[in-house]
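Student: Could you take me on a close look at one charged pair and then at what surrounds it in the fold? I would like the cut-offs spelled out as you go.

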Amino acid sequence: MAHVLVVDDEPGIREFVAEALADDDHEVAQAASGEAAWALLEREGFDVVLSDLRMPGMDGMALLRRLRERQPDVEFIILTAHGDVDTAVEAMRLGAFDYLQKPLGSLAELRLLIRRAAERRALRNFQEAHQGSSDAAPELTFGAPAMQPVVAALRKVAVTDATVLLIGESGTGKEIAARAVHGMSRRKGGPFVAVNCAALAEQLLESELFGHEKGAFTGAHARRRGRIEVAQGGTFFLDEVGELALPLQAKLLRLLQERTFERLGGGPTLRADVRWIAATNRDLPAMIAEGRFREDLFHRLAVFPVVLPPLRDRREDIEPLAERLLAQACANLGRKPLKLDPSARALLRRARWSGNVRELANTLERAAILADGDTLHESELAIPGLGFTPAPPAAPPPVPAPPVAAGEPGHDGPPRPLQDLERDAIEVALRHFEGNRIRTAEALGIGVRTLYDKIKRYGLGE
């Protein structure tokens with residue numbers, strides 16, 4: 001049985017489809033518009049969304065883009081008229097599971113497609129819950145001296161059940177470190193469950209963490225297990241913990257203190273048999289001083305704090321890491337392996353990598369798409385305007401040029417305000433990632449909520 005949301009502005013079609021799926025033992029909710037659908041998606045968890053393509057206001061494509069951005073694990077199926085097949089194909093490129101043409105050919109086809117989408121969602125949940133359970137822990141370093149004390153500390157704490165707080169810039173590999181701790185622990189045979197606190201709305205995050213009982217809120221038609229229950233016997237990773245709203249901080253503190261919790265809506269008290277690892281790129285002590293993070297929660301999380309150095313401080317790792325990431329990118333793209341030529345290696349070594357490992361991975365993936373032969377050159381790595389900022393090689397200081405007066409040729413005008421530059425950077429990144437705000441935030445090295453605040457401030461929203 002899957003939890004399905006049917007979205008269509010035509011009541012007859014919507015109710016007909018919902019009834020057909022309910023008869024097939026699915027739990028079904030209905031929404032008459034994209035806006036109403038999104039309100040439901042923020043309040044409760046769904047496995048599959050079946051949405052009409054053309055609707056007033058937020059149409060099916062807009063709903064799909066928002067869902068892919070904020071809840072990428074939910075499967076999405078488009079309902080489309082015959083003349084909109086090209087748009088439906090575009091929807092699949094954006095991540096839709098499949099599409100159905102109206103009028104529906106048969107209920108059997110509809111039910112089969114929903115079952116297949118629900119099975120894929122269930123498989124993803126299972127794989128996510130059991131990732132990192134192999135004997136081999138992820139490789140944390142390729143010999144960089146700055147990483148040696150970090151690896152030693154993680155090995156020592158892994159054999160305990162102590163709570164670990166991983167601190168570091170965005171893209172430094174905090175989740176990889178968390179998986180390594182899990183893989184070296186006595187809980188490695190259990191699940192590794194990760195939740196990004198910045199990727200879900202507050203109401204949805206609470207339901208995802210704790211689960212809910214039937215009737216806990218509108219649309220809660222059945223009991224639903226939370227992610228903490230899924231992680232029983234394993235490791236629970238709270239990424240971007242600095243993005244938690246204060247009410248949820250209080251509930252997390254109680255959970256860490258008592259090791260028990262209840263699903264939303266009451267029900268039995270459940271034991272949280274998990275090992276806790278949290279991560280943040282925020283300055284939590286500064287947030288405590290500003291009243292935005294609880295000091296008591298900080299001390300509960302920071303039992304064993306570990307700071308992960310940025311990639312620029314572990315340059316010995318760059319080349320072997322780049323080779324590993326390039327091989328992975330080629331495999332994902334279905335193309336033959338690529339080699340790095342000396343010019344590309346030199347450029348990788350001297351780049352600033354302000355976005356750390358994530359920026360390196362994105363750069364190599366773009367380069368793998370552009371490369372024509374079997375070798376990757378410097379020209380395919382240096383892509384203007386896409387955030388790759390190689391540091392120039394050392395050179396003698398230039399001879400100062402004579403000053404240029406305003407109005408004369410060569411005068412560049414007054415410097416632009418920083419907020420204008422920031423707005424332009426966000427606008428370019430949003431355009432590059434086709435509006436995907438999670439990937440945009442990662443590329444810019446800021447939290448998702450911070451990005452939302454800036455989008456609102458600069459008027460860059462939909």
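Tutor: Arg312 is partly exposed, at 35% relative accessibility; the label covers values between buried, under 20% relative accessible area, and exposed, over 50%, with a 1.4 Å probe and protein chains only. This is a predicted model, where local features need pLDDT of at least 70 and side-chain atom pairs count only at pLDDT 80 or more, while totals for chains, interfaces and linings use all residues. Residues are numbered from 1 along each chain as its sequence is written, and side-chain values use heavy atoms, with hydrogens and water left out.

The partner of Arg312 is Glu169, and the closest N and O atoms of this salt bridge are 2.5 Å apart. The term asks for a side-chain nitrogen of Lys or Arg within 4 Å of a carboxyl oxygen of Asp or Glu. Glu169 sits in the loop between strand E6 (164–167) and helix H7 (174–183), and Arg312 in the loop between strand E14 (304–307) and helix H13 (318–333), so the pair ties together parts that are 143 residues apart in sequence. Here helices (H or I, at least four residues) and strands (E, at least two) are DSSP runs, numbered from the N terminus. Glu169 is partly exposed too, with a relative accessible area of 30%.

By this rule there are 22 salt bridges. One of them joins Arg254 and Glu258, with closest N and O atoms 3.6 Å apart; both residues lie in helix H10, four residues apart, about one turn of the helix. Arg254 has a relative accessible area of 34% and is partly exposed, and Glu258, at 43%, is partly exposed as well. In another, Arg292 meets Glu290 at 2.5 Å, N to O. Arg292 is partly exposed at 38%, whereas Glu290 is exposed at 51%. Salt bridges also link Asp8, Glu10, Asp52 and Lys102 in a network.

Helix H10 (246–258) leads us on to the nonpolar interior, as one of the elements that give two or more residues to the largest nonpolar core. Such a core is a set of buried Ala, Val, Leu, Ile, Met, Phe, Trp, Tyr and Cys residues joined through side-chain atoms within 4.5 Å. Of its 33 residues, Ile228, Phe236, Leu252 and Trp276 touch the most other members. H10 gives the largest share, five residues. Trp276 touches, among residues over four places away in sequence, Ile228, Phe236, Leu252 and Arg259. A second, separate core has 24 residues, including Leu53, Met61, Val74 and Ala88.

Arg259 also appears around Leu270: leaving aside neighbours within four places in sequence, Leu270 is in contact (heavy atoms within 4.5 Å) with Glu229, Arg259, Thr260, Phe261 and Arg263. Leu270 counts as buried at 19% relative accessibility and belongs to strand E12 (residues 266–271). Glu229 is 41 residues from Leu270 in sequence, with their C-alpha atoms 8.4 Å apart. Strand E11 (residues 260–263) pairs with E12 in the antiparallel sense over three bridges, where pairing needs at least two bridges found by DSSP. Thr260 stands opposite Arg271 in E12. Two residues separate E11 and E12 in this hairpin, and Gly265 in the turn has a positive phi of about 95 degrees.
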